[in-house]
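Trainee: Could we go through this structure together? I would like to start with one residue and then move outwards.
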Amino acid sequence: MNLTDFEKQETPFYYYDLQLLDATLNAIREAVEDAPHFHVHYAVKACATPAVLKKIAQAGLGADCVSGGEILRAVENGFPASDIVYAGVGKTDREIRTALEHNIAAFNVESIPELEVINELASEMGRTARVAFRINPNVDAHTHEKITTGLNENKFGISMQDMIPAIRMAESLKHIDFIGLHFHIGSQITSFVPFAELCKCINQLTAALEAEDIMVRSINVGGGLGIDYDCPDEHPIPDFNGYFNTFKKHLKLRPGQELHFELGRAVVAQCGQLVSRVVYVKHGLQKHFAIIDAGMTDLVRPAMYGSFHKPVNLSAEARGEQATDQYDIVGPICESSDVFVKDYTLPLTRRGDIILLKSAGAYGEIMASQYNCRKLPGSIAE
Ligand code: LLP
């Protein structure tokens, strides 16, 4: 789509570039081609738009889900249930039943009470649940505090001390098949060092388990690979080779062991943009505001995490506008945190200009809300 196409649409909406998604999926495929025991799942939580899910399923990725709703959405859009893993600290009975009905690949279990409930429901349904324990490795991902998950203080997973008793219990339950370990240290991780540290931690854990005669068939290292929000045009595809090579190099896998990944952001973030229109340009006493029709209800990341989504004024670029000004780009919501960026230099901006907010494919549309009785943003994928 180009500017003229964008102008014809009602804004705001998400635009997904399926060609870039294809190229991203190809880069993933090439990076794991020589490692048939690597299984990449897509973290559905990042973006569950059907056209996007269908493309990812067609590329052969599995799905990582965190709710019954995500399991159903993944199945509807072509992910085989046998490639679905399911995590979450608060799985409800209904959600566990949904997962058991579909006979998904594995539950990533986060506590003993959850294990007991899964066993009970599986028994009622005459099923066996494959289970991996989510272990909290206490590895610092050095990312935003709201998206770090692998520290002792976080609510996720089972501590390393509790791991062996939990496995022993799983082995004793009739409707549980213990398959392995699951980890996830955080999101938007832009250095490979925390992943290498995770590998070292897993090596120690699997050695300790071997000493206890516990066999680990499957290891799941979660997701977390970050993207370049500052320069999306220069780096539209993350460094998948560097990422997967870190695991090839540092993780000591035993023969027959499978390694699973759950990548969300790295797969879809750069493929999506939020397309908005300038409603007013307002000259305040100290600042100039570009007020756009998209708000924190459409893209909450800047308000919630202080994230940056690179703005581009497509209309001004098309006019060949040379002069610039500094703007606070803000939304229409009645909250002072409804700000996308402050003091940002854009070409002179006018009412009606189309402004793109880039790198919004992950945790964008899916986190939209209806606050202020607003319509959810639509989407176009092509
Ligand atoms: N696996 C588990 C268990 C997770 O909790 C997550 C993300 C992922 C995989 C995928 O992580 P990714 O590859 O996308 O980093 N809303 C926040 C991000 C929250 C991430 C939650 N968990 C944001 O907008 O930055």
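Mentor: Certainly; please keep in mind that this is a predicted model. Let us begin with His-309, which has a relative accessibility of 2%. Buried means under 20% relative accessible area, so His-309 counts as buried.

Trainee: Where does His-309 lie in the chain?
Mentor: His-309 is in the loop between α11 and β13, the latter spanning 311–313.

Trainee: And which residues does His-309 touch, leaving out those up to four places away in sequence?
Mentor: The list is Tyr-229, Leu-299, Arg-301, Pro-302, Leu-357, Lys-358, Ser-359 and Ala-360. Two of these residues deserve a closer look. The side chain of Arg-301 makes a polar contact of 3.1 Å with the side chain of His-309. As for Lys-358, its backbone oxygen is 2.9 Å from a polar atom of the His-309 side chain.

Trainee: Let us turn to the ligand. Which residues come nearest to the ligand?
Mentor: They are Ser-187, Glu-262, Arg-301, Tyr-305 and Tyr-363, out of 18 residues around the ligand. Arg-301 is thus a residue that comes nearest to the ligand and also a polar partner of His-309.

Trainee: What polar atoms face the ligand at Tyr-305, Tyr-363 and Gly-224?
Mentor: Tyr-305 places a polar side-chain atom 2.8 Å from a nitrogen atom of the ligand. In the side chain of Tyr-363, an N or O atom is 2.6 Å from an oxygen atom of the ligand. Gly-224 uses its backbone instead, with a polar atom 2.9 Å from a ligand oxygen. On its own the ligand has 590 Å² of accessible area, and the protein covers 92% of it.

Trainee: How many residues of that shell are nonpolar, polar and charged?
Mentor: There are six nonpolar, six polar and six charged residues. Both β10 (258–263) and α11 (301–305) supply at least two residues of the shell.

Trainee: Which domains does the shell draw on?
Mentor: It draws at least three residues from domain 1 and at least three from domain 2.

Trainee: What are the bounds of those domains, then?
Mentor: The domain assignment gives 3–12 + 270–381 for domain 1 and 35–263 for domain 2. Their C-alpha centres are 34 Å apart, and the contact takes 17 residues from each domain.

Trainee: Changing topic: which residues of helix α5 are buried?
Mentor: In α5, residues 93–102, the buried ones are Glu-95, Ile-96, Thr-98, Ala-99 and Leu-100. An α-helix has 3.6 residues a turn, so residues three or four places apart point the same way.

Trainee: What do the buried residues of α5 pack against?
Mentor: They pack against the helices α4 (68–76) and α6 (112–125), and against the strands β4 (84–86), β5 (106–109) and β6 (129–136). Just after α5, Asn-103 has a positive phi of about 55°.

Trainee: You mentioned β6. Is Asn-136, in that strand, buried or exposed?
Mentor: Asn-136 is buried, because its relative accessible area is 6%. Its side chain reaches the backbone nitrogen of Asn-138 at 3.2 Å.

Trainee: One last residue: where is Val-216, and which residues does it touch?
Mentor: Val-216 is in the loop between α8 (193–211) and β9 (218–220). Not counting residues up to four places away in sequence, Val-216 touches Ile-179, Gly-180, Leu-181, Thr-206, Leu-209 and Gln-257. Val-216 counts as buried because its relative accessibility is 5%.

Terms used:
Residues numbered from 1 in each chain as written. Predicted model: local features only at pLDDT ≥ 70, side-chain atom pairs only at ≥ 80, totals over all residues. Heavy atoms only, no water. Near = heavy atom within 4 Å. Polar contact = N/O pair within 3.5 Å; in protein donor to acceptor, adjacent residues only side chain to side chain. Areas by Shrake-Rupley, 256 points an atom, 1.4 Å probe, with all protein chains shown as cover. Helix = DSSP H or I, 4+ residues; strand = E, 2+ residues; numbered from the N terminus. Nonpolar A, V, L, I, M, F, W, Y, C, P; charged D, E, K, R; others polar. Domains from an automatic or database assignment. Buried < 20%, exposed > 50% of the residue type's maximum accessible area, 1.4 Å probe, protein only. Contact = heavy atoms within 4.5 Å.
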